[in-house]
Amino acid sequence: MMMYLLIIAFFACVLFIYYTKLFSETRENIINNGRINAIESTDRIDKSLAASMDIINLSAYTIDNMLRENRSNEDILDYLENETVAIQGSILTETTGLYGYINGIYMDGAGWVPDEGYEPTERPWYIDGMAGEGDIVIVDPYVDQETGTVMITIVRKLCDDKSVVAIDFTMGDLQRIVEGQVTDGASSEEFIVSSKGIIIAHSDPTQIGTDYFNSKDYVSMSVTKEIRKGNTGNLYLEDENRNYMVYYMPLYNGWTCVSVIDATEDFNKLRNPLVLTIIIAAVMITTFLMLVYQSAKKDAEIRKSEIMTERALAASEAKTSFLSNMSHEIRTPINAILGMNEMILRESDDSSILSYADNIRNAGTTLLGLINDILDFSKIEAGKIDIIPVDYDINSMANDLVTMIHNRADAKGLQMYLDFDPETPRYLNGDEVRIKQIITNILTNAVKYTEKGSVTFHIGFKKIENEPDKVLLRVSVKDTGIGIKEEDKAKLFSKFERIEEKRNRNVEGTGLGMNITQSLLELMGSSLDVASTYGLGSVFSFELVQGVVKWETMGNYEASYRSNNIKRKDFSVRFIAPEANILVVDDNPLNITVFKGLIKKNLVVTDTATSGDECILLSQSKKYDAIFLDHLMPGKDGIETLKELKAQGDNPNLETPVVCLTANALSGARDTYMDAGFDDYLTKPIDFNKLEEMLMHFIPDSKILSPEEGVDETPNGAVPETNETETAGSGEESCDNSSFGKLAVLDGKRVDVKQGIINSGDQDMYIPVLKVFYDSIVSTADGLDELYHSENYKEYTIKVHALKSSAKIIGAMPLAEEAQKLENAGKANDAEYIKGHHDAFIKEYRSFYEMISPIFGEEKTSVSGAEADEDLMKDVYAELYNAADKMDTEMLECVFEDMDGYGIPAEDMALFDELKDAADMYDYERICSLLQQKV
């Protein structure tokens with residue numbers, strides 16, 4: 001009997017275990033399915049709200065700028081009205097538009113006029129917006145006085161701390177979402193509850209407005225308890241023989257999305273198999289262990305799958321971030337490499353050196369192209385590519401493309417045919433930059449994969465019926481290359497994959513070009529068509545809708561291109577302009593050296609400044625033909641400097657074109673700089689052809705001369721200011737052959753001279769580059785100290801970033817590494833690291849002045865006379881300022897000769913060197929600028 005009892009007990013135990021596990025697994029599946037539905041519902045609601053929040057953020061940003069600029073109320077109301085029309089027409093159809101309480105008055109973009117006695121500051125949207133302290137606030141629903149519709153308000157306080165801007169939209173979208181969840185069977189009840197417990201949207205519309213927190217319903221009370229605790233997640237509830245799974249997910253502004261799933265039927269199904277389970281209990285004895293094993297294995301696989309998914313997502317994000325950051329970091333040294341190499345190509349007559357330099361340029365350009373591909377790929381994956389339509393000249397775009405591809409085709413002995421429809425409209429509206437990038441990828445691929453024969457480049461158009469101001473731009477590229485196998489066409493648009501890898505192993509590229517091309521076309525509503533016959537060639541084509549700005553046609557482009565090509569092929573530069581004056585502003589002296597070296601042969605007179613304040617000072621006293629202004633500078637950045645310049649009504653350069661210099665290659669950069677008031681922008685590394693075209697565009701035609709006219713045309717025989725390389729190289733004591741011998745003092749002293757020479761281009765360039773670094777040590781160290789003590793870590797990071805680049809260029813790698821660590825700390829807002837390492841870093845940096853001084857400062861520090869005291873230096877500075885102000889060269893020379901008998905104090909050495917360099921270049925304005933604070 002005991003044995004039977006044990007067997008029965010064993011059976012009961014097995015049954016209980018089996019049934020319990022079955023119940024648990026089914027419950028877990030129900031929970032997981034419900035969680036997915038709840039997350040989807042919450043995500044849809046978040047996205048619905050996010051569109052309105054984005055509009056408020058953008059509107060608040062714009063109105064903040066208008067308030068800072070003291071724009072009139074009429075301008076602000078006009079903006080609200082225009083934005084309301086745009087929003088209602090495309091983004092939010094169920095909205096009454098933008099409105100707000102601004103500058104002490106109520107403004108409504110939809111033109112609604114409130115009843116007499118309406119007090120905006122007493123309305124919930126104003127009160128809640130002011131309490132938000134600049135954060136976006138979502139106001140609980142209310143009945144609109146104009147339409148009688150239940151509305152939601154999104155509001156944000158403005159920068160003057162007394163104004164707000166808001167937008168209303170109906171509950172339609174949110175109500176449709178919650179009702180759709182029930183209709184689709186995702187939940188049995190769906191609703192949104194505010195932080196005050198009021199039902200905002202409900203799958204049962206009659207429940208809207210109910211006080212949820214005071215409900216006596218069991219489900220409501222249970223969920224309310226969890227929400228008030230600040231919890232999120234799910235609950236399993238039983239009420240009146242019903243089983244419920246309840247999910248509560250947080251939304252914006254303390255709202256909560258609640259999904260209720262009636263799981264009674266699902267759980268009832270678990271009870272029915274109980275009788276059958278008892279009958280087959282004997283079988284379960286033998287299968288129990290297998291079930292446990294399978295269940296454990298299943299759980300392990302699910303968890304493993306979840307872990308692998310999480311790792312894949314993290315790896316993808318890390319990869320995208322790494323690619324983007326590395327691409328930007330690599331662009332900085334490439335800027336120096338290509339810039340210095342361009343100077344070698346312009347100044348050297350040695351055929352061997354020119355051949356080497358040409359190879360460097362080709363390799364550098366290829367590397368830059370690969371980096372740009374990687375950067376674009378990472379931006380596309382992150383969804384940060386924007387399409388920015390602008391007016392453009394298709395002839396100019398075609399000229400850039402043809403010039404680029406002709407050189408490559410000629411190098412391979414290929415024929416280049418241009419098939420341009422002369423009736424194609426010349427002036428169009430579209431994203432010129434992206435279209436050019438797409439065509440460049442297609443043309444480059446055609447040449448890369450064609451060994452003999454030809455490449456035919458076609459541009460044409462087709463008018464669009466019922467859209468008279470638009471055309472369908474048609475572009476195709478036909479080649480006689482290797483073609484594509486049918487089975488390889490699928491690989492064409494894959495990431496990091498090229499067709500016939502073995503056969504094309506010597507063809508350069510990342511394998512991203514076609515993937516990027518297709519992605520960009522898709523963003524513009526098009527796609528790339530491919531027709532190919534293996535062994536005979538391929539045709540790549542696409543069509544894009546473009547706006548027509550003017551119906552002037554392209555004309556006979558090929559004849560025009562060949563004519564211009566013949567005219568220009570004998571000249572190394574396309575123009576000279578000895579009467580032209582430009583101002584270049586950059587806080588990094590090495591960048592100025594590269595810039596001025598690029599345009600040296602154009603004979604353009606170039607003034608330089610290293611800060612926004614210095615730029616303002618120079619612009620007040622001299623009219624320039626163009627100003628090139630770096631964006632990222634300590635103190636005033638480029639945008640702030642331009643704004644201050646334009647605000648000065650008597651500044652002679654109010655109408656002068658201002659070009660932004662930037663390393664920012666991210667999408668939206670052009671929009672940012674154009675909106676800030678710049679006339680154009682130039683990315684680093686600087687492309688000389690673009691720079692030269694920009695100068696030809698901005699410098700008045702009367703000052704543009706052909707290269708044959710030469711420097712003899714320079715007015716009064718004056719010699720335009722040359723680049724920093726010449727300046728440093730013209731001083732006998734700084735750049736003569738003896739300076740190279742003095743470099744030996746740096747051996748083993750934290751400077752890799754060989755690496756510095758490589759970074760600078762050659763030994764001749766290293767000396768002036770080292771001189772620029774040496775001259776800036778005192779001022780840069782003082783500036784960093786000042787920023788550190790004032791805890792201005794934002795500008796500290798900018799300045800230490802520039803120092804890092806300079807240190808790398810001269811070969812001071814340990815110093816550059818320490819600067820990199822401080823820069824990283826600044827970007828991460830790690831003030832503790834900066835505080836713990838700044839003093840040691842500055843001490844190390846200042847020691848370079850003494851280390852390098854035997855190369856450049858020997859004659860100044862070894863004089864036999866007494867050191868000049870403070871009073872003498874004050875008198876010297878006053879005399880120098882007066883002489884420069886009167887442009888009295890002889891007086892300047894006399895003052896400097898008189899000081900040869902004195903030792904210059906260490907704290908004045910760097911300034912005195914800069915004054916002498918400026919005097920050697922007859923740069924009187926520079927002298928006055930340097931002495932502004934001394935007299």
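Visitor: In this predicted model, how many bridges join strand E6 to E10?
Guide: Strand E6 covers residues 189-193 and runs antiparallel to E10. In the predicted model, the number of bridges joining E6 to E10 is five.

Visitor: Which residue stands opposite Thr256 in E10?
Guide: Thr256 is found in strand E10, residues 256-262. Its contacts beyond four places in sequence include Phe191, Ile192 and Val193. The residue standing opposite Thr256 is Val193.

Visitor: Is Thr256 buried or exposed?
Guide: Residues under 20% relative accessible area count as buried. Thr256 has a relative accessible area of 9%, so Thr256 is buried.

Visitor: Which strands stand at the edges of the sheet?
Guide: The sheet is open, has five strands with antiparallel pairing, and follows the order E7-E6-E10-E9-E8. Two strands each have a single partner strand, so one side of each is left without a neighbour in the sheet. The edge strands are E7 (199-202) and E8 (233-239).

Visitor: What angle does the direction of helix H5 make with that of E8?
Guide: Helix H5, residues 218-228, packs on the sheet. H5 touches E6, E8, E9 and E10. Its direction makes with that of E8 an angle of about 155°.

Visitor: Are helices H24 and H27 roughly parallel or roughly antiparallel to each other?
Guide: H24 (residues 777-789) and H27 (residues 831-856) pack with their axes 10 Å apart, at an angle of about 165°. Angles over 145 degrees count as roughly antiparallel. H24 and H27 are therefore roughly antiparallel.

Definitions and conventions:
Residues are numbered from 1 along each chain as its sequence is written. This is a predicted model: local features need pLDDT of at least 70, side-chain atom pairs count only at pLDDT 80 or more; totals for chains, interfaces and linings use all residues. Side-chain values use heavy atoms; hydrogens and water are left out. Axes are lines fitted to C-alpha atoms, for helices over the stretch in contact, and angles run from 0 to 180 degrees between N-to-C directions. Helices (H or I, at least four residues) and strands (E, at least two) are DSSP runs, numbered from the N terminus. Angles under 35 degrees count as roughly parallel, over 145 as roughly antiparallel, 65 to 115 as roughly perpendicular and the rest as oblique. Buried means under 20% relative accessible area, exposed over 50%, partly exposed in between (1.4 Å probe, protein chains only). Contact means heavy atoms within 4.5 Å. Two strands pair if DSSP finds at least two bridges between them.
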